[in-house]
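Got the viewer open? Follow along and select each piece as we come to it.

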Amino acid sequence: MLKGKARAHTNIALIKYWGKEDEQLIIPNNSSLSLTLDAFYTETEIYFDEALTADIFYLDGQLQDEKATQKVSRFIDLFRQQANCSLFAKIQSTNHVPTAAGLASSASGLAALAAACNQALQLNLSKQDLSRFARKGSGSACRSIYGGFVEWQKGTDDQSSYAISVDSQHFEDDLAMIFIVLNDQQKEISSREGMKRTVETSSFYPTWLTEAQKDLVAIKEAIHQKDFIRLGEITEANGLKMHATTLAAVPPFTYWSDQSLKAMQVIRKIRKDGRPCYFTMDAGPNVKVLCQKEQVSQIKERLAEHFAPEQLIVAYAGKGIELIEMDV
Ligand code: 2P0
């Protein structure tokens, strides 16, 4: 039996990945930049075993159906091919999320699975190759290989599209992200479906691509200078531009709910009152607030005037993938 176990943390993009050049290989149309966080992570163990006659996949202790298992099987096939291995596998994956708030992430899940496969099949893949493999499971997963600030360089093909660690002189250690959990959205459009529709139909999409490129250059400069205000301004503006593309899609859609808009207003007000904080959103209604570590308790106190304590989750910069020793 071959076995491996790994942990990966989720990441939140400050410069968003939005749209694919190649849907099969998951080559993005724009480079992105994220912060890996400590509060949400996935631990995955995998056993390749001669005794198995099919792959079996448990998520949070629950045996998964054929559709979910097939998705995981196809991803593991990439590693089986590389290792010339034909064994079936048992996969046990656990998402560690502070509340049952729908924050489980494909980024940490696919990154942990990639690292577990790498260990079990003794492939000795470099971080760069592991990032390439994780990318083919879910784009944002390629960034969860590393801790702190991470840039996914879009590249042009399978070999050249991967994430790298951004040298920040530990700037990330000064930062925090407060999650405002809002589960009031009516209908989910997956990010995969949302970005596809935007690429194909949104008249704003070409502008998004030129703006994302400029924002990436500017945010790397802000990180280099450890300029929090600039970092926050670019983050907030870039997220808004991504979300603007969905309004010009055909048919139009938005991930924002009335509660998301309320959260944005509250954050602007806190900022106006002299506490620097900036929001960003992904393919759902939750709002994430980027702030400095030293300001977390005051900002959280202000947010608590509008949101219940269980809706507010504080995260700090997190680590990249870690291998975990197995007892058996
Ligand atoms: C991001 N998102 O950069 C962007 C911003 C959502 C909004 O990456 O299709 O699950 O598996 O590559 O990585 C979420 O999309 O999509 C995402 P696929 P993924 O974080």
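Start with the shell around the ligand: its residues divide into six nonpolar, five polar and five charged. Keep in mind as you click that this is a predicted model.

**Stop 1: the ligand and its neighbours**

Show the ligand and everything around it, and you should have 16 residues on screen. The closest are Tyr 17, Lys 20, Ser 138, Ser 140 and Arg 192, so label those five. Next, colour helix α4, residues 191-201. That helix gives the largest share of the shell, with three residues.

Now for some distances. Which side chains put a polar atom by a ligand oxygen? Select Tyr 17, where a polar side-chain atom sits 2.6 Å from an oxygen atom of the ligand. Go on to Arg 143: an N or O atom in its side chain is 2.8 Å from a ligand oxygen. Then pick Ser 106, with a polar side-chain atom 3.2 Å from an oxygen atom of the ligand. Switch on a surface as well: of the 470 Å² of accessible area that the ligand has on its own, the protein covers 92%.

**Stop 2: helix α2**

Ser 106 brings us to the next selection. Pick residues 106-120, which make up helix α2. Draw a line from the first C-alpha of α2 to the last; it spans 21 Å over 15 residues, close to the 21 Å expected at 1.5 Å a residue. Is α2 mostly covered or mostly open? Mostly covered, with 13 of its 15 residues buried. Just past the helix, click on Gln 122, which has a positive phi, near 50 degrees.

**Stop 3: strand β12 and its partners**

Jump to residues 287-292, strand β12. Six of its six residues are buried. Show the side chains and look along the strand: Val 287, Val 289 and Cys 291 point one way, while Lys 288, Leu 290 and Gln 292 point the other. Both sets are buried, Lys 288 included.

Add strand β10, residues 175-180, which pairs with β12 in the antiparallel sense over six bridges. To find your place, select Phe 179 and its bridge partner in β12, Lys 288.

Then add strand β11, residues 277-281, also antiparallel to β12, with five bridges. Here the pair to click is Cys 277 and its bridge partner Cys 291. How many residues lie between β11 and β12 in their hairpin? Trace the chain from one strand to the other and you will count five.

Methods:
Residues are numbered from 1 along each chain as its sequence is written. This is a predicted model: local features need pLDDT of at least 70, side-chain atom pairs count only at pLDDT 80 or more; totals for chains, interfaces and linings use all residues. Side-chain values use heavy atoms; hydrogens and water are left out. Helices (H or I, at least four residues) and strands (E, at least two) are DSSP runs, numbered from the N terminus. The expected span of a helix is 1.5 Å times one less than its number of residues. Buried means under 20% relative accessible area, exposed over 50%, partly exposed in between (1.4 Å probe, protein chains only). A residue is near a molecule or strand if one of its heavy atoms lies within 4 Å of it. A polar contact is a pair of N or O atoms within 3.5 Å; within protein, one must be able to donate a hydrogen and the other to accept it, and residues adjacent in sequence count only if both atoms are side-chain atoms. Accessible areas come from the Shrake-Rupley method with a 1.4 Å probe; for residues, only the protein chains shown count as cover. Ala, Val, Leu, Ile, Met, Phe, Trp, Tyr, Cys and Pro count as nonpolar, Asp, Glu, Lys and Arg as charged, and the others, Gly among them, as polar. Two strands pair if DSSP finds at least two bridges between them.
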